[in-house]
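Colleague: Mind walking me through this one? I'd like to start with a single histidine and work outwards.

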Amino acid sequence: RPPRSTLFPYTTLFRSKVGDALRANLSSVLLNRELTELVRDVPLGTTPDDLVVQQWDRDAVHRVFDDLEFRVLRDRLFATLSTAEPEVDQGFEVTGGIVQPGALSSWLADHATVGHRVGLSFSGVWAGVASDLTGIGLVNDSGQGAFVDVTSLSPEDDVALAKWLADPSVPKAAHNIKAPLHALHARGWQLAGLTSDTELAAYLVRPGQRSFELADLVVRYLQRELREESDSDDGQLSLLEDEEQTKANTAAAELVRAKAVGELAEALDAELERIDSGRLLTDVELPLLQVLGELEEAGVAVDGDLLSELGER
């Protein structure tokens with residue numbers, strides 16, 4: 001390193017040149033300072049209180065993301081905003097509760113007949129063809145509901161439910177019915193009269209959308225929340241204790257879902273008619289859904305020896 005005395009002349013020269021340049025261009029320096037300074041007195045007409053995060057418009061987000069074909073980002077955004085205050089404050093009104101043993105046949109005859117579409121909701125363990133059904137919620141178009149605990153059906157109720165499910169003259173609607181179909185078949189029941197799967201219908205209305213959760217669709221198309229509107233006064237959906245409370249809570253949740261499915265099916269039917277795709281659902285997608293379910297249950301035959309040989313090669 002050179003001695004300080006050697007560096008000093010160069011330092012002095014550098015400082016002198018910078019000083020000369022600054023003095024020679026002082027007017028430009030001042031103008032540059034004026035041009036780059038942030039203006040802090042512009043009238044905005046907005047206060048910090050106005051910039052607090054407000055409720056988000058779920059449907060507007062869907063429309064923008066559909067147009068831009070954002071898919072993964074949509075799911076991330078909804079997951080991030082899932083704790084926000086709900087955009088709507090109205091739920092669903094449902095009357096009814098758990099059907100008592102031996103009463104199912106009469107309930108079906110009184111509330112689930114030809115000409116009135118019934119919304120269905122299923123509780124159970126969903127694992128493809130190994131799915132297991134524990135309960136079914138049924139709600140008609142007037143809000144009369146019944147929850148059937150399929151694990152404790154009487155022989156009479158079993159026959160009545162099987163006959164009703166297989167009746168093609170009674171229109172039915174469900175959401176994401178594929179796994180429940182496997183569970184129904186495992187119990188020896190067939191489902192006929194299915195006029196809408198709201199997940200499929202929503203896909204046909206907006207094929208660019210990636211998520212078709214029932215709660216989200218209910219907000220989007222019905223401007224409602226997936227919850228009961230008010231507590232029942234007849235005690236049928238009241239909270240009991242321990243195991244009974246769990247059963248009552250499950251029944252209440254499934255009845256709300258069934259009611260939501262029924263109303264959502266009506267809204268999506270109108271949307272499909274608007275885009276001239278109603279028959280695409282009823283004549284193509286729903287029959288295909290049944291066929292795919294049968295294919296999954298039948299499975300695929302595999303030559304084990306040949307597969308092992310291919311693996312070795």
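Modeller: Sure: H175 sits in the loop between strand 5 (172–174) and helix 7 (178–186), with helices (H or I, at least four residues) and strands (E, at least two) taken as DSSP runs numbered from the N terminus. This is a predicted model, so local features need pLDDT of at least 70, side-chain atom pairs count only at pLDDT 80 or more, and totals for chains, interfaces and linings use all residues. Residues are numbered from 1 along each chain as its sequence is written, and side-chain values use heavy atoms, leaving out hydrogens and water.

Colleague: Is H175 buried or exposed?

Modeller: Buried means under 20% relative accessible area, exposed over 50%, partly exposed in between (1.4 Å probe, protein chains only). H175 comes in at 13%, so that makes it buried.

Colleague: Which residues of helix 6 are buried?

Modeller: Helix 6 covers residues 155–165. Its face turned away from the buried side carries the exposed P155, V159 and K163. The buried ones are D157, A160, L161, W164 and L165.

Colleague: What kind of aromatic pair do Y203 and F212 form?

Modeller: The structure holds 1 aromatic pair; Phe, Tyr and Trp (its six-membered ring) pair with ring centres within 6.5 Å, and planes under 30 degrees apart count as stacked, over 60 as edge-to-face, the rest as tilted. Y203 is partly exposed at 38%, whereas F212 is buried at 12%. Their ring centres are 6.1 Å apart and the planes stand at 75°, so the pair is edge-to-face.
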